[in-house]
Protein chains: 2
Amino acid sequence: MSTITSIRTLDIRFPTSIFLDGSDAMNPDPDYSAAYLQVETDSDDGLAGAGFVFTIGRGNDIEANAIEVLASRFVGRDVEELLADMGATWREMLHDSQLRWLGPEKGVIHMAIGAVINALWDLRAKRAGQPLWQHLASLTPEEIVDLIDLRYLSDALTRDEALDILRRGQDGADVRQRRLLENGYPAYTTGPGWLGYSDEKLERLAREAVADGFTQIKLKVGADIEDDRRRLALARRTVGPDIRIAVDANQRWDVDEAVEWMSQLAEFDIAWIEEPTSPDDVLGHAEIARRLAPMPVATGEHVQNRVIFKQMLQAKSLEILQMDACRVGGVNENISILLLAAKFGIPVAPHAGGVGLCETVQHLAMFDYVAVSGSLEGRMIEFADHLHEHFVTPASVVGGRYRAPTAPGAGAEMLVSSIGEWEYPGGSGWATRSKP
Amino acid sequence: MSTITSIRTLDIRFPTSIFLDGSDAMNPDPDYSAAYLQVETDSDDGLAGAGFVFTIGRGNDIEANAIEVLASRFVGRDVEELLADMGATWREMLHDSQLRWLGPEKGVIHMAIGAVINALWDLRAKRAGQPLWQHLASLTPEEIVDLIDLRYLSDALTRDEALDILRRGQDGADVRQRRLLENGYPAYTTGPGWLGYSDEKLERLAREAVADGFTQIKLKVGADIEDDRRRLALARRTVGPDIRIAVDANQRWDVDEAVEWMSQLAEFDIAWIEEPTSPDDVLGHAEIARRLAPMPVATGEHVQNRVIFKQMLQAKSLEILQMDACRVGGVNENISILLLAAKFGIPVAPHAGGVGLCETVQHLAMFDYVAVSGSLEGRMIEFADHLHEHFVTPASVVGGRYRAPTAPGAGAEMLVSSIGEWEYPGGSGWATRSKP
């Protein structure tokens, strides 16, 4: 038996605004950050669990504080008991009626719940000696359904339907697992498309992306229509007709504006329009999707929880579901979202980039392929090639595909040296910079 | 010219769980709390602005921390400039792209924005020597529309439509203002109906409510159908056929469950079913409303922002809109919600109770009557008779009606003695109790 001895919470920020990595129509100057936690135990195995919420700078302290307050309940608790029933451990946080008032199930408190349960998943997978995707795929359908909370979903997905999906997912799971280990999982890259980049940089990076084996790139749009037309024409000329080009408006528009703007970009053969409007606007997305068809609508990185995703699937608001490892209530809620997507036959193409999103969300996509949807059709994980060097087990993309992680854990653990350098505001990296 | 010299943030909690005031099917043991702030200036007038987020206990520290981080930007700033353009002051917080990531526009960070702008409104109304409702009603339609953010609303409400509504609202505003000062605004009471109360207490309080002049009471439901049937039969026998009885499930059910449960209560002549399911579930509420018709559905106290309300109006998810003073982004966003409700012809019956919700939300309802909807039809403000004694200008309900406040300000200021007693965990009231 072992006990959780401490949960350390850290405010870690990287000064990415200097280079305009990550700049888009709504986020001109992000400092990519992580409200990070480490779960430590008194076990002889010396293993710790890591989890985080990705933010873009100011407010990372608010999120870190929420994690600290929330996680304190687990200090002194029995590790084996918490890890043995991860459904119950998760629901203990989710159903705390007093904390629930702060959401419910959305925003700062919900993301904090996600970070804490993800850190416990990291610890559990490390103890099992498995990468998280393989660890999840090793569970029975019943064990998996016991992890989730079907409240508010039963008009779209019942427990029996979830079990049916997972039982079908067992057929051929071994073969898919082998394929994944051999060939990896498809990726696309947002690297060329940040709004703050010059045309020259866009062209160079787009050419490199094709040379690197990517079959889809993504460009940020929505600040200026003439700029968008020029940049898309340039990108299309550069990559040719066979590479897919998606665009991302980062919630910039209202409904009519989205339709009008995108109609002017349709000639460039758009793979999808991402986040055309508010992530809360189920009906707005549905209207945009209907009017822009056959151009697909994608969204999800800011969708707060399974209830909004359920409605987006019911209302046909999206044709590509972009799950995020840190936005919702962690691995458990993301499993329910994978099951919803499978029920409605919608492919999941996870959001990644940021800090550690590639490292963590790949486990969910690979679990989906092995044990839930069983398919790679229309599926790929976003990739942005920055900040991976701060992780103990950085994501690896080769030839346009994520290599399946084989190291035990959930991929969230940062290097001690990176924490020392970029803890805010005391880290050595910040000592030499003016604070934003 | 004056400057903001400090913004003091306080974690204030009341041990209400001891008496089961406020107990319902989802919240069995709330400790009603306020994450409270005071804006102080160096002006000779000595006026301070007060605002808060209502919470129910644990997590009040998370909310207070968010307010503190958010509000710090205003320390040292010019008061007159901030108060002169409250639209710009609000949007400065709302559109901070880094902070926006923590919502966007929902949960802890969004409620913190609401508390900060509400405190500035309190200060502005005090400086104007007017209660907030009168202060807002004294603005021109253009000034009012400049306060709000129409982003994501234009498919339901344009700037011109908002101006039209407000211009129509000017007709007869003086008469309505006089009537309000003479007769007050209708109230209903939730006092008898908390789930933790005995049948005897329910009966006694229901009888008192009628004697006090209330024409509607509300009962909590959703824990046990037989209990609900017994309590509703008792309440209906006690108050007779002419008093309206609303019920509140506090998000307890899924769609089918809500319809089945409420079908078994329909015989008691239900004024409305409140929060049958997740506040995020626009389509679920719409389905429930359609299947339970003509029984009206009410919701809103947990609706996170104007985008969800917009959809609920578009989808016919609700027949009564229950705005809350502290859940969304403050006075500014609530004005946009009043305008949406007016556009769709849906009455607003604000959520109140808790800590200070009666004191604050009455200003919005009265502003609506004078300057927006111009109507009292189907409209009333919730009233729960507790914790008013902690406020400098407590809400006053006489003969089942809120008396129009005449003291300058927004009603949010707490007594110094109450703060000293119930600041958590250091206040004198908490020193003699075990901490939850």
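Where does B:P104 lie in chain B? B:P104 is in the loop between helix 4 (97-100) and helix 5 (107-128) of chain B.

## Basis of the model

This is a predicted model, in which local features need pLDDT of at least 70 and side-chain atom pairs count only at pLDDT 80 or more, while totals for chains, interfaces and linings use all residues. Residues are numbered from 1 along each chain as its sequence is written, and chains are lettered from A and ligands numbered from 1 in the order in which they are written. Helices (H or I, at least four residues) and strands (E, at least two) are DSSP runs, numbered from the N terminus.

## Symmetry and interface

Chain A is superposed on chain B by a rotation of 180 degrees with 0.0 Å of shift along the axis, at an RMSD of 0.0 Å; the fit is by least squares on the C-alpha atoms of residues with pLDDT of at least 70 in both copies. This is the relation of a two-fold axis. In chain A, the C-alpha of A:G107 is the nearest to that axis, at 2.4 Å.

Chain A and chain B each contribute 50 residues to the contact, where two residues are in contact if their C-beta atoms, placed from the backbone, lie within 7 Å. On the side of chain A that touches chain B, helix 1 of chain A gives the largest share, 6 residues. By class, this side has 20 nonpolar, 19 polar and 11 charged residues; Ala, Val, Leu, Ile, Met, Phe, Trp, Tyr, Cys and Pro count as nonpolar, Asp, Glu, Lys and Arg as charged, and the others, Gly among them, as polar. Because 100% of the interface residues of chain A are also interface residues in chain B, the copies meet through the same surface.

## Helix packing

In chain A, helix 3 (residues 86-94) and helix 5 (residues 107-128) pack at about 160 degrees, with axes 10 Å apart. Axes are lines fitted to C-alpha atoms, for helices over the stretch in contact, and angles run from 0 to 180 degrees between N-to-C directions. Helix 3 of chain A is therefore roughly antiparallel to helix 5 of chain A (over 145 degrees). Residues of helix 3 of chain A, including A:W90 and A:M93, meet residues of helix 5 of chain A, among them A:I117 and A:W121. That contact has 9 nonpolar, 1 polar and 1 charged residues.

In chain B, the axes of helix 14 (residues 306-314) and helix 15 (residues 330-344) come within 10 Å and cross at roughly 10 degrees. Helix 14 of chain B is thus roughly parallel to helix 15 of chain B (under 35 degrees). Their contact has 5 nonpolar, 1 polar and 3 charged residues.

## Backbone features

Most residues other than glycine have a negative phi, and most peptide bonds are trans. The peptide bond from B:G103 to B:P104 is cis, with omega near -15 degrees. Another cis peptide bond joins B:A293 and B:P294, with omega about 10 degrees; B:P294 is in the loop between helix 13 (282-292) and strand 8 (297-299) of chain B.

A:E105, in the loop between helix 4 and helix 5 of chain A, has a positive phi near 60 degrees. A:E105 counts as buried, with 27 C-beta neighbours inside 10 Å; a residue is buried if 20 or more other C-beta atoms, placed from the backbone, lie within 10 Å of its own, exposed if 12 or fewer, and partly exposed in between. A:L387 also has a positive phi, of about 70 degrees, and counts as buried with 24 C-beta neighbours inside 10 Å.

How values were computed:
Angles under 35 degrees count as roughly parallel, over 145 as roughly antiparallel, 65 to 115 as roughly perpendicular and the rest as oblique.
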